[in-house]
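User: Please look closely at one part of this model, its second largest pocket. Then set that pocket in the context of the fold around it.

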Amino acid sequence: MEQAMTDVYNFAVAKLNSTNTIMYACGIALALIAVLALRNLTYTRGVKLPEAPIVGAKWWWEPLFITKYRYHTNGWQIIHDGYTKYKDSPFTVVRPESIITVLPKKYVHELRNVPESKLYSFQALADDLVGRYSGIDIMLGSELNFHAVQNKLTPRIGAFTEVVKDELDFAMEKDFPKCSDQWVEADFNTIILKIVSRITLRTFVGHPLCRNEELLRLNCQIVEQIFTTMVIMRLFPLFLHPLIARLLPPYWKIQRIKDRIVAIVVPMIRERQRLQSTASDEKSDIDKPEDVIQWYIDLAKGGETDPENIATRYTYAILGSLFSVSGAIKDTLYEICAHPEYVAPLREEIRAAMEEDGGWKKTTPGKLPKLDSFMRETQRMNPPGAIGFKRVVLSPTGLTLSSGLHLPQNTYICVPTTSHLDTDVTSTPGTFDGFRYLERSHEKFTTTSPTHLHFGHGRYACPGR
C-alpha cells in the first residue's frame, strides 16, 4: 500500500512538472475563479417567489445579468409591462443588487398595518439607499423620527402655518432673483430645493439656526451626494459594494458633510439638554422650543439621547422632506405652465381664501379645494417612482396572505404606482384633469389609498405628508 501511494505521488509530481500539466492546473484554477465570480455576480438581496415570473427580458434566451441592468435604463416600462401582463398576480423584477416582488394592489389593504417586526418599510428604504454606505441605516430599529413627526409635528401642523409663511417670505426675498420688469434666467430646481430646505430647517432646528447658510448648503449637498452614491452603487452586485463605495468620491463627501452637519447641530442639542437637566434639578419649568429636534430630545431613549446620535438622525430625516416636497412643488408648477387655463381659477381661489382669512392663516389651506385637486392630479400623473408601498419581510417564518401566497423572510415587496395608466381608477387615465378630485372630497392630496401610494399607505405611511 505504501509503495502504491509513493508511486502515485511520484506520478503526480512528474505530471505537475510538465508544462502542459501546469497550464492545465492554471486553467482549472481560472475556471474555479470564474465560477465563484459568477456565483457572486448572481447573488442579490431578496427572494424570488416561484409564483412570480421575471419580467424585463427582451429575448427568451437573454442572460439574467443583462435583464438586471436593463431595469436601470428602462425601469418604468418594465414595471408597466409587468403590471399590464400580470395585473392581478405577483411578478418579479431583477436589479443588479436585488430581487423585488411586485404585488397587485389588492394586497395593500391586508398588508398595510402588519407590524414592522414582521414587515419593515424602512428596511426597504435603507436597502434602496444603500444604507450601509450612505449612513441612513442609523434609522433602522428605531421609531424616534416616526413618533416625533406623527405624534408631535402633525397634531401641531396648523400652528406651524405662520412659522412656515415667515420662512417662505424670507426665502422668496433672498433666493428668488429680482424680475420686476423683465425676464430673468433662473435655476428653478436649485431655487425650489433651497426654499424647501429653509422651511425644513425652520421646522427641525428652529430659529435662529435655520438661518445658518452653511447648514442650508450642507443639507442640499448631502441629499445630492446620497442619491449619486445610490445610483452608482446599485449598478453593481452586492459583493462589490464594499470596494466600489471606497472608490467613489460621493461616498467620502457624505462622510465629510455629515460630520460637519453634526458639528453645527450638536452644540444646540447639548445646550437644550443642559437647560432641561438644570430645570429638572431645580424643579422649575422652561419654555421648550417647538421643533422636531426638541421632540427628538423629549422622546429619545437609551443611545438615542446622545447628541451626536440625534444630530445624525436629523441629517437623514430631512431626506424625505427635501426630496418629496421639492419634487411635488416643481411638478405642480410645471403642470401649471403646461396647462395655463388653470392659472386664473387657482389664483382666484387663493385670493378669495386669503381675503376671507385676512392673510395666510392655519385655516387657509382647507379653503383651497381646487389647488388640492390640482396637486393630487399632478401627483397621479407624475408619481415619484414606478413602485411604492415598499416593504421587506422580517418574520423568520415569513408571511402567508389570505390568498395562500407565502412571502418568505427577506422578500422585498412593493406595488406598482400605475394609477395614471389604470382604467380601473378613472375612465380617462391618460388625460390631465386638474379638477378631477374637486367633487371627490374624500380624496385629498395627502390621502393615501391602494391606488394612490405616493405617501405609502397604512400605519407607516409618510408621517409628515
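Analyst:
**The pocket and its setting**

The second largest pocket has a volume of about 380 Å³. This is a predicted model, and every value here is computed from it. Which residues line the second largest pocket? They are Phe176, Pro177, Cys179, Gln182, Trp183, Val184, Ala186, Phe188 and Ile191. Sorted by class, eight lining residues are nonpolar and one is polar. No charged residue takes part in the lining.

Now step back to the whole chain. The 465 residues are 44% buried. The fold has 16 helices and eight strands. Take the contacts between residues at least 6 apart in sequence: 70% of them join residues at least 24 apart.

Next, the nonpolar interior. The largest nonpolar core has 55 residues. Val205, Val265, Ile293, Tyr296 and Tyr314 touch the most other members. Eight helices each give this core at least two residues: α5 (121-128), α7 (144-153), α9 (188-205), α10 (213-233), α11 (241-247), α12 (249-281), α13 (292-299) and α14 (307-338). The largest share comes from α12, with ten residues. There is also a second, separate core of 17 residues, and Tyr107, Phe389, Leu401 and Leu453 are among them. The α9 range also takes in Phe188 and Ile191 from the pocket lining.

Helix α13 deserves a look. Six of its eight residues are buried, so by the under-20% cut-off the helix is mostly covered. They are Val292, Ile293, Gln294, Trp295, Tyr296 and Ile297. Where does Tyr296 reach, beyond its neighbours within four places in sequence? Tyr296 contacts Leu144, Asn145, Ala148, Phe204, Ile310, Arg313, Tyr314 and Ala317.

Helix α5 is largely enclosed by the rest of the structure, because seven of its eight residues are buried. Those seven are Ser121, Phe122, Gln123, Ala124, Ala126, Asp127 and Asp128. Their packing partners are β2 (91-95), β4 (119-120), α6 (131-134), α10, β5 (387-393) and β8 (412-416).

Backbone geometry comes next. Most residues other than glycine have a negative phi, and most peptide bonds are trans. Three places here stand against that background.

Val130 follows α5. Val130 lies in the loop between α5 and α6. Its phi is positive, about 40°, although Val130 is not a glycine. Val130 has a relative accessible area of 5%, so it counts as buried.

Phe389 sits in strand β5, one of the elements that α5 packs against. Phe389 has a positive phi too, about 50°, and is not a glycine either. Its relative accessible area is 3%, so Phe389 is buried. Phe389 is also one of the members of the second core.

The third place is a peptide bond. His207 and Pro208 are joined in cis, with omega about 15°. Pro208 belongs to the loop between α9 and α10.

What about the cysteines? The count of disulfides is zero. Is Cys210 buried or exposed? Cys210 has 1% relative accessibility, so it is buried. Cys337, at 63%, is therefore exposed.

Two pairs show how distant stretches of chain come together in space. Phe65 is in helix α3 (residues 64-85). Phe65 is partly exposed, because its relative accessibility is 44%. Phe65 and Pro237 are 172 residues apart in sequence, yet 9.8 Å apart in space from C-alpha to C-alpha. The second pair starts at Asn113, in the loop between α4 (108-111) and β4. At 45% relative accessible area, Asn113 is partly exposed. Along the chain, 344 residues separate Asn113 from His457. In space, their C-alpha atoms are separated by 8.7 Å.

Back to the pocket, then. Its volume is about 380 Å³, and its lining holds eight nonpolar residues, one polar residue and no charged ones.

Key
Residues are numbered from 1 along each chain as its sequence is written. This is a predicted model: local features need pLDDT of at least 70, side-chain atom pairs count only at pLDDT 80 or more; totals for chains, interfaces and linings use all residues. Side-chain values use heavy atoms; hydrogens and water are left out. A nonpolar core is a set of buried Ala, Val, Leu, Ile, Met, Phe, Trp, Tyr and Cys residues joined through side-chain atoms within 4.5 Å. Buried means under 20% relative accessible area, exposed over 50%, partly exposed in between (1.4 Å probe, protein chains only). Helices (H or I, at least four residues) and strands (E, at least two) are DSSP runs, numbered from the N terminus. Contact means heavy atoms within 4.5 Å. On a 1 Å grid over the protein atoms alone, a cavity is a set of points where a 1.4 Å probe fits but cannot get out, and a pocket is an open set with protein on both sides within 12 Å along at least five of seven lines; lining residues have an atom within 4 Å of a point. Grid points are joined across faces, edges and corners, and a volume is the space filled by probe spheres set on the points. Ala, Val, Leu, Ile, Met, Phe, Trp, Tyr, Cys and Pro count as nonpolar, Asp, Glu, Lys and Arg as charged, and the others, Gly among them, as polar. A disulfide is a pair of cysteine sulfur atoms within 2.5 Å.
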